[in-house]
Amino acid sequence: MNKKELLVINGAGPLCGEVSISGAKNSALPILAACVLGTEEIILDGVPALKDVEIMIEVLRHLGAKVDYLDKDTVKIDSSNINTCETPYELMDKMRASFVVMGPLLSRFKKAYTKAPGGCNIGARPIDFHLKGFEALGATSRVNDEEIAIETNGELIGNEVYLDFPSVGATQNIMMAAVLADGETTIENAAKEPEIVDLASFLSKMGAKIKGAGTSTIVIKGVEKLTGTRHTIIPDRIEAASYMIAAAMTKGNVTINNVIGSHIRPVIAKLIEMGANVEELEDEDVIKVSVDSKLKPTNIQTLPYPGFPTDAQAQFMALMTICDGESKIQETVFENRFMHVEQLNKMGAAIATSGNRATIVGVDKLHGADVKATDLRAGAALVIAALVAEGETRISDIYHIDRGYSDLVEKFTKLGANIKRVEI
Ligand SMILES: CC(=O)N[C@H]1[C@@H](OP(=O)(O)OP(=O)(O)OC[C@H]2O[C@@H](n3ccc(=O)[nH]c3=O)[C@H](O)[C@@H]2O)O[C@H](CO)[C@@H](O)[C@@H]1O
Ligand SMILES: C=C(OP(=O)(O)O)C(=O)O
């Protein structure tokens, strides 16, 4: 049986010092999946040490790729001997994002098989846009309780694909399905996230012809084959946002290294609006966050990029719990992303929800409690809240947090937090 662990945090003054941000989980996962397309050696730098990355590497190894760590965050991948286009359900079920390997498999083998990834704690998360895109390129899909089978008559043909919503995963899957297709594919209403741009720049280094990544129209001209390359994963904007929020929450003074300010404009803007000092040293990819007075309330609405990221919503809500007044949040990306509300309220927060809207009335203090990380960012929000709560907070189900934050205990400890991982 897996050992169970808790994070035990005692509220302890302002965070101070420097923290270095790891490579982005949400870039590393699709880029690792894209390695299926390379017939020569690929080296990736800045691969974050995370549970989700381990699972994606397990997927690649299951398919027949050779994956070796050259150091803690550098990985060498040789996909020349990939010998199956089927991803087992166990790996799909362990991590929903494994579905992003379907586009590359379809591209390379003109067919791909797995079983439906389930929904997750934050919502049902259907895959209809991904399938619609594959079908536009000439594939047929069979989806039932037993399998997802994407098949073609041996070729994929470029086409126009309009996404009803700028889905990140669907944009990535369709882009990767199209890179080896015959002719040109246009994705309209494509997602514009920096992780899409990073994937496109990686694929382009391998020889793909992609234009427009980062805008809502992406054009992919199919090529014969993709080669090997070396690529550095972009910094994790959500990890960076989490440390910036933690710095603000504790009225600290923290220098965040390896962060790209232009990737987190809404987070910076909202922190400034609330009264935090945010200084960007752009040439050096450094942001300093400090706070010297009580923060003001604000309102946020989550949106696709460049709007406010849903992946920073829970952490911002934690920050709002101790602001001077009433804040409001509207979550428009996922239908069920307020599971942290009940846990934050256990710590003394005053949050009420109605559908996808939350009202957060600032309180003077939070107090420690036994709480549960209900999903990845909910877990991060609890860690941030616990840093200022009076007394001890014990967070369970921390495997969610391990999906997306590398060296969390070490990084927070270095900033002066009183945080430890305890086995139970
Ligand atoms: C590994 C990864 O990169 N995960 C990120 C990715 O998830 P992911 O790629 O799963 O998120 P999407 O952008 O696809 O989802 C956005 C919305 O579209 C809906 N939808 C999506 C696909 C589909 O076929 N049908 C459909 O209805 C989803 O249920 C959701 O409500 O983008 C999300 C939105 O920024 C982030 O929160 C996740 O951290
Ligand atoms: C929702 C997230 O990830 P995933 O899409 O992998 O569940 C996240 O990173 O906050």
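A salt bridge here is a side-chain nitrogen of Lys or Arg within 4 Å of a carboxyl oxygen of Asp or Glu. By that rule, the structure holds 23 salt bridges. The model is predicted.

**Figure 1. Salt bridge between Asp164 and Lys132.** The two side chains meet at 3.5 Å, N to O. Asp164 sits in the loop between strand E9 (160-162) and helix H6 (168-178). Lys132 belongs to helix H5 (residues 128-136). The pair therefore ties together parts that are 32 residues apart in sequence.

**Figure 2. The two domains of the protein.** The domain assignment splits the protein in two. Domain 1 is made of two segments, 5-22 and 235-423. Domain 2 covers 25-232. Taken over C-alpha atoms, the centres of domain 1 and domain 2 are separated by 30 Å.

**Figure 3. Interface of domain 1 and domain 2.** On the side of domain 1, 25 residues are in contact; domain 2 contributes 19 residues. Together the domains bury about 1800 Å². Carbon and sulfur atoms account for 54% of that area. The rule finds three salt bridges across this interface. It also finds ten residue pairs in polar contact there, with both residues at pLDDT 80 or more. Helix H12 (376-386) and helix H13 (399-402) each supply at least two residues of the side of domain 1 that touches domain 2. By class, that side has ten charged, eight nonpolar and seven polar residues.

**Figure 4. Salt bridge between Glu195 and Arg237.** The view centres on two side chains, those of Glu195 and Arg237. Their N to O distance is 2.8 Å.

**Figure 5. Surroundings of ligand 1.** Ligand 1 is surrounded by 19 residues. The closest are Asp128, Ser167, Gly169, Asp311 and Val333. Two backbone approaches are shown here. A polar backbone atom of Val333 is 2.5 Å from an oxygen atom of ligand 1. For Gly169, a backbone N or O atom lies 2.7 Å from an oxygen atom of the ligand. A side chain also takes part in the view. An N or O atom in the side chain of Arg125 is 2.8 Å from an oxygen atom of ligand 1.

**Figure 6. Surroundings of ligand 2.** The residues around ligand 2 include Lys25, Asn26, Ile122, Leu376, Arg377 and Arg403. Arg125, Asp311 and Arg337 are also among them. A polar side-chain atom of Arg125 lies 2.7 Å from an oxygen atom of ligand 2. In the side chain of Arg337, an N or O atom is 2.9 Å from an oxygen atom of ligand 2. For the side chain of Asp311, the corresponding distance to an oxygen atom of ligand 2 is 3.1 Å. Arg125 also has a side-chain N or O atom 2.8 Å from an oxygen atom of ligand 1. Asp311 is listed with the closest residues to ligand 1 as well.

**Figure 7. Cis peptide bond between Tyr305 and Pro306.** Most peptide bonds are trans. The bond joining Tyr305 and Pro306 is cis, with omega about 10°. Pro306 is placed in the loop between strand E17 (299-301) and helix H10 (313-320).

**Figure 8. Positive phi at Asn258.** Most residues other than glycine have a negative phi. Asn258 is not a glycine, yet its phi is positive, about 65°. The loop that holds Asn258 runs between strand E14 (253-257) and helix H9 (265-274).

Conventions
Residues numbered from 1 in each chain as written. Chains lettered and ligands numbered in written order. Predicted model: local features only at pLDDT ≥ 70, side-chain atom pairs only at ≥ 80, totals over all residues. Heavy atoms only, no water. Domains from an automatic or database assignment. Contact = heavy atoms within 4.5 Å. Buried area = accessible area lost by both parts, 1.4 Å probe. Polar contact = N/O pair within 3.5 Å; in protein donor to acceptor, adjacent residues only side chain to side chain. Helix = DSSP H or I, 4+ residues; strand = E, 2+ residues; numbered from the N terminus. Nonpolar A, V, L, I, M, F, W, Y, C, P; charged D, E, K, R; others polar. Near = heavy atom within 4 Å.
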